[in-house]
Amino acid sequence: MYMISLPPAFTERMQQLLGTESEAFFQALVSESPTSIRLNPEKTPLTNLPFPELVSQQVPWCSNGYYLKERPSFTSDPLLHGGAYYVQEASSMFLQVVLQQITGNTPLRVLDLCAAPGGKSTLLASSLPKDSLLVSNEVIKSRASILKENMIKWGYDHVVVTNSDPNRFTSLKGAFDIILVDAPCSGEGMFRKDEKAITEWSENNLRLCEERQKRILSDVWDALTPGGYLVYSTCTYNPGENEEILNWMLTTFDASSIAIRHNFPAITPSPAPLHGYHFYPHKTNGEGLFMGVIQKNDGTPFIMKKEKRATPSPAVKLPADILPLLPDMTPYTPYIAGETLGILPKQHAEFIQYLSTKAGVIYKGCEIGECVKGKTKPAHSLALYHKLQQKYVTRQEVDLPTALQFLRKEDIRFDAPKGEWILITYKGIGLGWVKEVGNRVNNYYPKEWRIRQF
């Protein structure tokens with residue numbers, strides 16, 4: 001743990017905000033950050049917790065979240081690479097409580113606007129009502145690649161990943177029932193985890209963050225459907241980026257502040273009549289977080305104008321050798337992009353096609369393979385797909401050292417059936433593909449994903 005030297009202006013403001021609690025707050029900033037993970041409910045049953053010897057307790061506001069007694073080497077755990085769980089800061093898991101209140105059983109279209117690296121998007125993917133669609137966006141290209149990787153590992157098919165500026169969504173008027181804006185901020189809530197957050201802090205940077213947050217919210221407000229919800233969050237304590245932004249939305253747009261019912265007295269509410277929720281490290285077991293929900297009162301519902309609809313793609317027939325590996329295809333639409341084969345939720349296929357004319361789509365549905373010289377090469381994402389029909393796959397269960405060899409993209413050896421694609425699994429979780437070719441087993445783990453060090 002590094003020694004914290006806090007900016008004097010920050011210290012003074014927090015003393016004013018917290019009063020007699022400020023000493024406990026500053027003491028918490030020099031304590032060890034808690035470690036927490038969130039299970040993938042489609043891959044990891046509660047009876048098969050990773051690191052069972054390290055699990056201390058459940059995160060109280062998240063059914064799949066668990067605190068660990070200490071931080072293990074996550075990189076050297078194959079289950080992380082197989083999408084069995086996500087390492088996520090506990091406070092941000094409060095999103096599950098929010099979703100339980102603002103969603104019902106009706107399928108929704110949801111936009112996670114600032115989604116990288118994917119913590120809240122993977123939670124959304126696991127928590128949205130059946131047959132919903134999630135669009136996970138990131139404006140920075142390198143971060144969008146990380147987001148794509150994490151969403152593929154999570155293994156769901158009702159997801160689209162985009163790499164676009166928020167203003168690309170402005171024209172999608174009324175398209176989304178929920179928009180999550182986990183806004184770029186001054187990062188005060190990360191002070192005890194990230195020394196860089198302290199060195200980059202300045203009062204001028206606070207003002208720049210506030211202006212950027214307003215621009216982002218202005219860009220996407222029209223994309224929210226009437227009656228829809230905008231979930232706004234930051235990892236900062238600065239009221240100018242929290243309560244003042246909520247107030248700005250209420251005065252700028254026809255909107256209402258929504259109270260979130262919960263049973264966690266350690267969460268600090270914003271002053272009435274505003275409904276915002278602060279996580280302070282001296283009161284809750286997590287990092288600093290602010291979250292508030294704004295409901296849109298006006299606007300027009302989404303209409304896909306016929307003249308702007310993209311030309312439908314020709315029907316795609318999936319190869320016979322891939323079909324048995326997939327779930328019932330009735331609710332899906334196959335697609336082909338170049339040599340890449342994939343599947344999309346049928347009820348969202350037209351919208352996804354329309355979306356691709358507005359935003360930079362870099363991944364959609366589940367990519368299942370490539371057509372190469374008349375033969376099908378299974379996609380890495382198919383190995384991680386939670387609906388992969390493993391009973392129809394040739395599998396090789398491996399031990400920990402072999403799994404790590406595979407994830408480093410090194411050669412692994414075993415008696416492999418000649419010419420077959422083989423799914424490498426660790427504790428039943430798919431990690432990727434190998435194929436026996438000419439008395440050797442070729443490792444098809446993506447080069448850019450390989451473990452370099454741990």
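**Helix α9**

I began with helix α9 and listed its buried residues: Glu243, Ile245, Leu246, Trp248 and Met249. Buried means under 20% relative accessible area, exposed means over 50%, and partly exposed lies in between, with a 1.4 Å probe and protein chains only. Helices (H or I, at least four residues) and strands (E, at least two) are DSSP runs numbered from the N terminus. The model is predicted, so I kept in mind that local features need pLDDT of at least 70 and side-chain atom pairs pLDDT 80 or more, while totals for chains, interfaces and linings use all residues. Residues are numbered from 1 along each chain as its sequence is written, and side-chain values use heavy atoms, without hydrogens and water.

What do the buried residues of α9 pack against? I found α8 (203–221), β9, β12 (276–279) and β13 (289–296). Contact here means heavy atoms within 4.5 Å.

**Cys235**

I then looked at the loop between β9 (224–234) and α9 (243–252), which holds Cys235. An unreviewed UniProt entry gives Cys235 the annotation "active site". UniProt positions are in the numbering used here, feature names are shortened, and annotations may be inferred rather than shown by experiment.

Is Cys235 buried or partly exposed? I noted it as partly exposed, because its relative accessible area is 23%. Leaving aside neighbours within four places in sequence, Cys235 is in contact with Cys185, Gly187, Glu188, Gly189, Met190, Gly288 and Leu289.

**The annotated binding site**

The unreviewed UniProt entry also has a "binding site" feature, and I copied its positions: Cys114, Ala115, Ala116, Pro117, Gly118, Gly119, Lys120, Glu138, Asp165 and Asp182. I looked up two of these, Ala115 and Lys120.

Ala115 sits in the loop between β5 (109–112) and α5. Ala115 counts as buried because its relative accessible area is 5%. Apart from neighbours within four places in sequence, Ala115 has contacts with Ser121, Ser136, Asn137, Glu138 and Leu147.

Lys120 belongs to helix α5. I had to check whether this lysine is buried or exposed. Lys120 is at 10% relative accessibility, so I entered it as buried. With the neighbours within four places set aside, its contacts are Gln88, Ser92, Leu95, Asp112, Leu180, Asp182, Ser233 and Met291. Asp182 appears in this contact list and also in the binding-site annotation.

**Ser121**

Ser121 is in helix α5 (residues 119–127). I recorded Ser121 as buried because its relative accessible area is 0%. Which side chain does the side chain of Ser121 make a polar contact with? I found Ser136, at 2.7 Å. A polar contact is a pair of N or O atoms within 3.5 Å; within protein, one must be able to donate a hydrogen and the other to accept it, and residues adjacent in sequence count only if both atoms are side-chain atoms. Beyond four places in sequence, Ser121 is in contact with Asp112, Ala115, Leu134, Ser136 and Met151.

**Thr162**

Thr162 is part of strand β7 (residues 159–162). Thr162 went down as buried because its relative accessible area is 0%. Among the residues it touches, not counting those up to four places away, are Ser136, Glu138, Phe169 and Leu355.

**Ile140 and helix α6**

Ile140 lies in the loop between β6 (133–137) and α6. I wrote it down as partly exposed because its relative accessible area is 43%. Ile140 and Ala116 are 24 residues apart in sequence, and their C-alpha atoms are 8.9 Å apart.

How far apart are the end C-alpha atoms of helix α6 (residues 141–154)? I read 20 Å, which agrees with the 20 Å expected for 14 residues at 1.5 Å a residue. The expected span is 1.5 Å times one less than the number of residues. The buried residues of α6 include Leu147, Met151 and Trp154. Just after α6, Gly155 takes a positive phi of about 85°.

**Rings**

I searched the whole structure and got 26 aromatic pairs. One is Phe169 with Phe176, edge-to-face, at 6.5 Å centre to centre and 65° between the planes. Rings of Phe, Tyr and Trp (its six-membered ring) pair if their centres lie within 6.5 Å; planes under 30 degrees apart count as stacked, over 60 as edge-to-face and the rest as tilted. Phe169 and Phe176 are both buried. Ring pairs also link Phe10, Phe25, Phe26, Phe191, Trp201, Tyr237 and Tyr280 into a cluster.

Last, I looked for charges over rings, where NZ of Lys or CZ of Arg is within 6 Å of the ring centre and within 35 degrees of the ring normal. Lys153 lies over the face of Trp449 at 5.4 Å from the ring centre. Lys364 lies over the face of Tyr335, at 4.6 Å from the ring centre.
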